[in-house]
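Visitor: I would like to learn how to read a structure, one feature at a time. Where should we begin?

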Amino acid sequence: MNVSKTGAGVLLLHFFFVVPAFAQGFAGLGSDADGFAIPKPGVAFDFPEDHGPHTDFRIEWWYVTANLEGSDGQSYGVQWTLFRAALKPGNADGWQSPQLWMGHAALTSKDNHHVAERLSRGGIGQAGVRVSPFEAHIDDWQMKSTATHGEDELAGLELRASGIDFSYDLKLDAAGPLVAHGQNGYSVKSLQGQASYYYSQPFYTVTGTLTAPQGKIDARGEAWLDREWSSQPLTADQTGWDWFSLHFAGGAKLMGYRLRDKTEGFTVATWIGADGTAEPQKPGELKVRPIESAYVAGREIPVRWRVELPTKGVDVTTRPLNANAWMSTQVPYWEGPVTLEGSHSGKGYVEMTGYE
């Protein structure tokens with residue numbers, strides 16, 4: 001595993017995410033909103049504007065995961081993420097900008113998990129997001145729209161990133177619509193009412209090239225993009241989450257997560273039909289249970305899960321491509337590709353945070 005870190009503002013970003021004694025919940029995401037905007041129900045998405053930054057909110061991300069098959073006959077997973085976090089609401093030029101940026105990239109195979117990280121202070125041009133034509137970048141990592149006139153800005157993307165010993169250059173084309181989670185995009189995270197705005201583009205087909213220590217590999221597969229922003233998405237006692245994005249062989253999709261606390265946790269799911277129809281499930285309908293663990297990066301991590309959604313006849317177990325898919329970044333977590341067994345076959349991604 002390799003991790004590269006570049007860019008200004010490293011100490012500030014580390015301070016914001018990790019250090020404060022008052023931070024509550026995983027990575028401080030349960031701390032008070034402190035003057036930032038709060039998500040409210042009944043607010044419709046406004047595209048393409050909502051593809052861009054929301055600087056009145058404390059945190060947001062542009063997040064892509066891809067399940068790929070290589071020309072060498074091997075399976076691969078790719079992650080590309082740009083996080084924005086704010087020291088205070090609003091924006092400013094140059095080093096006065098309160099916006100902080102962090103990028104994560106990973107390439108996972110059955111034998112290796114390559115990781116890279118980039119950090120930047122906003123306002124100096126090193127990182128940011130433009131609405132139209134859409135482009136998100138940090139240093140030379142790039143997520144850039146290839147959409148034609150009249151299409152949604154995220155209908156087509158070029159995706160590039162590199163680390164010390166890996167890189168990828170991928171083309172993503174959407175074969176279905178954007179999907180809003182929760183109540184038309186208002187996604188509740190707890191019984192106390194914490195929430196985010198959340199939508200996805202889960203219908204990308206992918207072609208492109210991976211570069212690993214063994215050389216260049218042509219690859220193709222499917223990808224999922226998540227967009228989410230909030231100011232207090234967790235409660236003070238929620239210690240992390242277990243998140244699943246699953247592509248079923250018949251074309252349907254499932255997004256689901258469990259937010260862990262002192263009880264059994266709070267679960268939410270969205271069933272996405274092959275035609276793109278989204279059906280939010282009631283809190284608690286999704287059942288997730290770890291069935292096998294392993295020691296990863298010196299801690300015990302669930303590496304196989306049973307995922308049930310009885311309303312849709314889903315009862316599957318996940319199997320990781322690589323159990324050691326640990327993201328040894330400023331805020332560490334597990335994230336990697338999985339295959340599915342049981343009532344549905346398919347592939348997907350699992351992210352697990354807060355396992356200290």
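Guide: We can begin in a loop. Proline 133 lies in the loop between strand 5 (127-130) and strand 6 (135-138). This is a predicted model, and what follows describes that model.

Visitor: Is the peptide bond from serine 132 to proline 133 cis or trans?

Guide: The angle to read is omega. From serine 132 to proline 133 the peptide bond is cis, and omega is near -10°. Another cis peptide bond runs from phenylalanine 47 to proline 48, with omega near 10°. Proline 48 also sits in a loop, the one between helix 1 (10-17) and strand 1 (59-70).

Visitor: Phenylalanine 47 has an aromatic ring. How many aromatic pairs does the structure hold?

Guide: Ring pairs are read from the distance between centres and the angle between planes. The structure holds 13 aromatic pairs. In the pair of phenylalanine 45 and phenylalanine 47, the ring centres are 5.5 Å apart and the planes meet at 25°, so this pair counts as stacked. The cut-off for stacked is under 30 degrees.

Visitor: Which residues form one aromatic cluster with Phe45 and Phe47?

Guide: The cluster also takes in Phe57, Tyr197, Tyr199 and Trp229.

Visitor: Is phenylalanine 47 buried, partly exposed or exposed?

Guide: Relative accessibility settles that. Phenylalanine 47 has 32%, so it counts as partly exposed. Histidine 247, in strand 14 (residues 240-248), has a relative accessible area of 2% and is buried. The side chain of histidine 247 makes a polar contact of 2.8 Å with the side chain of lysine 253.

Visitor: What is the nearest side chain of opposite charge to aspartate 226, and how far away is it?

Guide: For a charged residue, look for a partner of opposite charge. Aspartate 226 belongs to strand 13 (residues 215-230). Aspartate 226 is buried but has no salt bridge, and the nearest side chain of opposite charge is lysine 189, 8.6 Å away. A salt bridge would need the charged atoms within 4 Å.

Visitor: Which side chains make polar contacts with the side chain of aspartate 226?

Guide: One of them is the side chain of tyrosine 198, at 2.7 Å. Another is the side chain of serine 200, at 2.4 Å.

Visitor: What does the charged end of arginine 260 sit over?

Guide: A charge can also be placed against a ring. The charged end of arginine 260 sits over the ring of tyrosine 355, 4.0 Å from the ring centre.

Visitor: How many bridges join strand 18 to strand 19, and do these strands run parallel or antiparallel?

Guide: To read a strand pair, count the bridges and check the direction. Strand 18 (residues 287-296) and strand 19 (residues 299-309) run antiparallel and are joined by nine bridges. For one of these strands' residues, arginine 289, the bridge partner in strand 19 is arginine 306. The two strands form a hairpin, with two residues between them.

Visitor: What is the phi of alanine 297 in that turn?

Guide: Check the sign of phi, and then check the residue type. Alanine 297 has a positive phi of about 50°, although alanine 297 is not a glycine. Its relative accessible area is 43%, which makes alanine 297 partly exposed.

Visitor: Where is aspartate 139, and what is its phi?

Guide: Aspartate 139 is in the loop between strand 6 and strand 7 (141-145). Aspartate 139 is not a glycine either, and its phi is positive, about 55°. With a relative accessible area of 27%, aspartate 139 is partly exposed.

Technical notes:
Residues are numbered from 1 along each chain as its sequence is written. This is a predicted model: local features need pLDDT of at least 70, side-chain atom pairs count only at pLDDT 80 or more; totals for chains, interfaces and linings use all residues. Side-chain values use heavy atoms; hydrogens and water are left out. Two strands pair if DSSP finds at least two bridges between them. Helices (H or I, at least four residues) and strands (E, at least two) are DSSP runs, numbered from the N terminus. Rings of Phe, Tyr and Trp (its six-membered ring) pair if their centres lie within 6.5 Å; planes under 30 degrees apart count as stacked, over 60 as edge-to-face and the rest as tilted. Buried means under 20% relative accessible area, exposed over 50%, partly exposed in between (1.4 Å probe, protein chains only). A charge sits over a ring if NZ of Lys or CZ of Arg is within 6 Å of the ring centre and within 35 degrees of the ring normal. Lys and Arg count as positive and Asp and Glu as negative; His and the chain ends are not counted. A polar contact is a pair of N or O atoms within 3.5 Å; within protein, one must be able to donate a hydrogen and the other to accept it, and residues adjacent in sequence count only if both atoms are side-chain atoms.
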